[in-house]
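Please open the model in a viewer and keep the selection tool at hand. The stops below proceed from one chain to its interfaces, and then to individual backbone features.

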Number of protein chains: 4
Amino acid sequence: MSEVNVALIGYQFMGKAHSNAYRQVRHFFPGKLVPRLKVICGRNQPALEAAARQFGWEETETDWRRAIERDDIDIVDIATPGYLHHPMALAAAAAGKHIICEKPLANNLAEAREMLHAVKKAGVAHMVMHNYSKLPAMVYLKNLVDEGRFGTVRHYRGSYLQDWIINPQFPLVWRLVKKLTGSGALGDIGSHVVDLAHFLNGPITSVVSQMTTFIKERPLPGIGAGAWGAKGQKGKGKVTVDDDTNFLGQFKNGSVGVFEASRFCGGRRNFNIVEIYGSKGSASFNLERMNEIELYDGTEPQSGQGFKTVSVTESVHPYIGAWWPPGHVIGYEHTFVHAMHDFLTAIEKNRLPSPNFEDAVQDHFVMDAIERSAKSKKWEKVRK
Amino acid sequence: MSEVNVALIGYQFMGKAHSNAYRQVRHFFPGKLVPRLKVICGRNQPALEAAARQFGWEETETDWRRAIERDDIDIVDIATPGYLHHPMALAAAAAGKHIICEKPLANNLAEAREMLHAVKKAGVAHMVMHNYSKLPAMVYLKNLVDEGRFGTVRHYRGSYLQDWIINPQFPLVWRLVKKLTGSGALGDIGSHVVDLAHFLNGPITSVVSQMTTFIKERPLPGIGAGAWGAKGQKGKGKVTVDDDTNFLGQFKNGSVGVFEASRFCGGRRNFNIVEIYGSKGSASFNLERMNEIELYDGTEPQSGQGFKTVSVTESVHPYIGAWWPPGHVIGYEHTFVHAMHDFLTAIEKNRLPSPNFEDAVQDHFVMDAIERSAKSKKWEKVRK
Amino acid sequence: MSEVNVALIGYQFMGKAHSNAYRQVRHFFPGKLVPRLKVICGRNQPALEAAARQFGWEETETDWRRAIERDDIDIVDIATPGYLHHPMALAAAAAGKHIICEKPLANNLAEAREMLHAVKKAGVAHMVMHNYSKLPAMVYLKNLVDEGRFGTVRHYRGSYLQDWIINPQFPLVWRLVKKLTGSGALGDIGSHVVDLAHFLNGPITSVVSQMTTFIKERPLPGIGAGAWGAKGQKGKGKVTVDDDTNFLGQFKNGSVGVFEASRFCGGRRNFNIVEIYGSKGSASFNLERMNEIELYDGTEPQSGQGFKTVSVTESVHPYIGAWWPPGHVIGYEHTFVHAMHDFLTAIEKNRLPSPNFEDAVQDHFVMDAIERSAKSKKWEKVRK
Amino acid sequence: MSEVNVALIGYQFMGKAHSNAYRQVRHFFPGKLVPRLKVICGRNQPALEAAARQFGWEETETDWRRAIERDDIDIVDIATPGYLHHPMALAAAAAGKHIICEKPLANNLAEAREMLHAVKKAGVAHMVMHNYSKLPAMVYLKNLVDEGRFGTVRHYRGSYLQDWIINPQFPLVWRLVKKLTGSGALGDIGSHVVDLAHFLNGPITSVVSQMTTFIKERPLPGIGAGAWGAKGQKGKGKVTVDDDTNFLGQFKNGSVGVFEASRFCGGRRNFNIVEIYGSKGSASFNLERMNEIELYDGTEPQSGQGFKTVSVTESVHPYIGAWWPPGHVIGYEHTFVHAMHDFLTAIEKNRLPSPNFEDAVQDHFVMDAIERSAKSKKWEKVRK
């Protein structure tokens, strides 16, 4: 058993979730490498120190470059707004650190490719935090797909709907500013949709899309409303990203895909849907009921066919043996614990973690085609 | 109270459903005009006579032109495969008969426009049997939309999934032969999707689509397997229509639309989904639970928001007062009874029934754009 | 093919449902005996005539004894308030007519036993209209039980919840007056619970109960508010029946039962639940979603166990072949059509229909024990 | 900020859940008193040390009396089989320690009363771990009840169904041996049912019950299969507790209750149901979907009434502000974190925690009446 020292950059939502994962992982998934919460980075010193205290970090650092360059740091975890992923990952790779990076990997395809190049050159472990592929239900589903349980997949649906910016008075936070975040619904939640589709059904080869911004201007967030996007201005600012992105896709395996990513679907708080329809069976998943999956077996006798709600909380299900008895559900943050376990195991066994920057670049190829299609108004090939 | 004599052409699935509607309508919806089941038409005399007996028709006729031309016929009801709609409607209009026609109205846009021209010129009443707009839940939903309950609609989803031809051994019935039916999933179930979208959310102005045929050849149905498509050949024949059609759309009101029509979604027997997302609220409907609708009100206090399952079985709901007490559900065939009631009322009051050939032509404009887009691989404007 | 002439007594809710069944049955279930809607009986001549017109009856009759005694009547159908079942059934049996009687069979056990004695002595066909045992889902479930699909049944739940009298201003209709109706929630909906339990899981041998009247007085309905219970008084009257009845039971097969019947459960419009838990599997049914049933198979591999929602709309399911394709749901009134078909078939084949007065007497034995227990405050044996 | 030292007795399922809560509580709920995981107790030294390592305890102790008597221990947490609760609590109270005890508090009413007497005399803080009253959905529901949202409650249903001992080959673990555990389904899950009913709807005043043991003998667990119940014997042993317990109850507030607790309901893994029906509204909860609650408002307009599925994951919901954004669900173990937070806050503010031994004794009064009724076969008053 040996410790690996972590530097975490970011202390908001994702910083909190990642911190929890580092604290928890070895209490449920014993393993040789034990993460030590060494240093947490941010710009606002008082807020940072409060976060360090609450989340359990030993030290704070307001200059992320300094944290990355520390000799005692083994893992750099990037949980910042998107525009910082690229310089941070490049610096961390240059410093020879293993890297975990929040999704989407970068603000655009070019950045993502450079980041992949850097980590490959550096020979470090790398993971992109598409945590939903660490859901027990999704890994279970992937296994069923691989076993051929659904036969030849024909029709795939991926839909991620939220509603947190429906109100036009919701301010212009960094997630609505293109230079800070790359894209809107597409990058934030659409990237999950693409990543899950790749995970479950293989490469998407062409797409046609529709990207819409319903609310063109929003109130500026004002002083103190958020360190990244706001600069204390009054008045309104331009929304420079998509509110709602839909696309059709063609998979390499011959199946078709229908996709949605929207932040304007009232009542859908975190409604990430996956549906798989194959020649022999079907599956349906909803993140808001993340402990369940619905399965249809078309080979059963006609009188007894139907969608079965499987509670993915059995000890035989992926990751679940480490947690609680059947029917005792787990929550959102557990996905990050699973990811950290997989990441540490990969380092220990000198394997490539998954999903990694290579996977993330594949996602970016698709997102790039989606953005091109929204302009060209036609189907676009996914470049490779 | 006076009788109107009906000639029904077709005695299969739709013939059975329409017959039931004529028999039932005045037992639940009293009215001045009372339909009389005068004559049912088909080619196979013994089968036709059995149908007449079971469905309650007074006479049979194997030559549909003769039935249409009878002086004592007031209403011609066309419930045949699609390629016959056009000549039958033209003949019925020429004979001055009121017309009910199954959906999709025609095998293509040109035919549909001619049919509309004919009925307008003849001055007869005309209705296209998009029966789902006669669902209490759909009329109730339409009223809520019109009252502004959802605010400005932003995102619309229409999805009709079935699974009856997943098996590659399912034979080449007429619904899989382009010259007999015009198109496949698009015309059969996609036309419902388009019609409901128009009914609930107004005109679609542009689309981009993806039309796929997964199973290219199927066994010929053989002698006696079906009068229309099969001619007794052995071996296999080409499937000439789409198995699965998806499209994105732009509505005139600024909202976006995501649409699916597929016959390859295992476990979805009759899964016709409508979702409406507006600035103030949302709705979700599933035909397999046709007596329910889910409503979300975004103006409620934050702690109590959620989708509410309303049982559309109250006496205050559309059409329901004629049926049973709350919670005593109605079924599929009731939609046809509602349609017949509306049709007869329209004739009596000298109003245009709804949905009519004009509405159907609007649907065909969209379907035409979908078919053009599938070829051009780009967004296509809906022509008018 | 030959006609059988029906006299129906009662033209309210049940009169409407039975009329529909007689009209519809042969259009979906062809058979040798064809019911003819000969005469409908009631006290209020104008209302009766309107009903006859709308429901399709040839004649009306305000003296039910006269209708029963007509030589040309073959079937007497009793769809009146409970206190009239006994004299009507006795008269009909004496006249040698086949009898259909609404549930509960009688106002008390003694009446029920006399009625059974009368029909047996007369040698006529007899059926009690426990229509829910004619639901496709219930017959399908019964077949699964008989096949041993659930193994040894251990735990049974039957619960029928409604909410139509929650409002204390709801008037004192006949269903709230003991001398007119025998009992309240117990007889009206609890009798369904008992009958389904007997149908699915065999005899109940002992019970302990709790019968409650929450609202002790209600407004009198006033003149014209309903011919049976109201006599035009003003003011309030005493509620003399139970609002809510719960009981525990022991089945002959060793399983335990938990039962509810309440008219005070807000939001439950027609919420008739059945749950069966056996050594090998389980089932769950809800009348508000009467086209579905949920099935659990405990013999499946652990990773894939769960409740499966089967749409009981396949041609292989009971009665469904006569109706529509898969996923095209049926409604409440269809259960009566099935019952009429079974009744006519039984007459034709000279078999005892089911459920019949014998079954109903078994139900009354249990209801009698429930009423005794509510007074004795202890477990009571079901007498035989 | 000051530390409080905890001694935890037990390291199986509950030991794991409590350990997690102590580790996590201050990372999400900052507070003055910070628990320190000082010592964990058990009999099997190697297993205990492994648990200490994984769960994060500083020391181990195989003699629980010694741990309790340590001067540096502030809190004793009893997470052992039931028969040990009594001596441990008495010792801990005598030593002046604050006490958390797993449910049910004791093996019988007499023990429970002695335990309450001891903690009151000692003046220490005491809590019984009925963790489900710490579910956000349950606290939210309790608040709605107190606000009068449901009006006068009429009908209550509490049902806890599991299925883990359906297989007759499942061994005779300590939970099936009366001297070790007091009772079976009643104490283990029925105590939750009673406690939630008291929490939400006030005191139960009389009951009638039915307690059943379906499988009378089971295989002995064999050497090493479990330290508490097994003594290495071969062969079979007697099941001395109930498999399935149902009861009816009368609440002090005039409402009626229907209750189930069973370990023989296949497919119900952790199916803890609460239903409340009042004069103005209703609620329904299912632990397997613990992040949701269904609410019905009978005061809404008739056309829009129905059960609304509220995701209890908003920052305004109880406890949720400490966790994640809306729709990002929490899991089973979070209830223990909430309980620890409440317990520590109570100590800090010198308040009585809730639920405490007083509440637990009230639960035991009801359980005692249930056991008496099972023998007397009649309604029994809940003694006080």
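Select chain A and display its contacts: among those with a separation of 6 or more, 70% join residues 24 or more positions apart. Two residues are in contact here if their C-beta atoms, placed from the backbone, lie within 7 Å. The model is a predicted one, in which local features need pLDDT of at least 70, side-chain atom pairs count only at pLDDT 80 or more, and totals for chains, interfaces and linings use all residues. Residues are numbered from 1 along each chain as its sequence is written, while chains are lettered from A and ligands numbered from 1 in the order in which they are written.

Remain with chain A and colour it by secondary structure. Ten helices and 17 strands appear; helices (H or I, at least four residues) and strands (E, at least two) are DSSP runs, numbered from the N terminus. The radius of gyration of chain A is 21 Å, close to the 21 Å given by the globule rule for 384 residues, so the chain is as compact as a globular protein of that length. This radius is taken over C-alpha atoms, and the rule is 2.2 Å times the number of residues to the power 0.38. The C-alpha trace of chain A spans about 65 × 55 × 40 Å along its principal axes. Of its 384 residues, 62% count as buried. A residue is buried if 20 or more other C-beta atoms lie within 10 Å of its own, exposed if 12 or fewer, and partly exposed in between, with C-beta atoms placed from the backbone.

Next, add chain B. In this pair, 31 residues of chain A are in contact with 31 residues of chain B. On the side of chain A that touches chain B, the elements giving two or more residues include β7 (153-161), β8 (204-212) and β16 (306-311) of chain A. Which element gives the most to this side? Select β12(A), which supplies four residues. By class, this side of chain A has twelve nonpolar, 14 polar and five charged residues. Ala, Val, Leu, Ile, Met, Phe, Trp, Tyr, Cys and Pro count as nonpolar, Asp, Glu, Lys and Arg as charged, and the others, Gly among them, as polar.

Now show chains C and D. A turn of 180° and a shift of 0.0 Å along the axis lay chain D on chain C with an RMSD of 0.0 Å. That is the relation of a two-fold axis. The copies are superposed by least squares on the C-alpha atoms of residues with pLDDT of at least 70 in both. To locate the axis, select K378(D), whose C-alpha lies at 1.9 Å and comes closest to it among the residues of chain D. The copies meet through the same surface, because 100% of the interface residues of chain D are also interface residues in chain C.

The remaining stops concern the backbone.

- Select K103(A) and P104(A): the peptide bond between them is cis, with omega near -10°. P104(A) lies in the loop between β5 (98-101) and α5 (109-122) of chain A.
- Select S354(C) and P355(C), joined by a cis peptide bond with omega near -5°. P355(C) belongs to the loop between α9 (334-349) and α10 (357-376) of chain C.
- Select K377(A), a residue other than glycine with a positive phi, near 60°. K377(A) is partly exposed, with 14 other C-beta atoms within 10 Å.
- Select Y319(B), where phi is near 70°. With 21 C-beta neighbours inside 10 Å, Y319(B) counts as buried.
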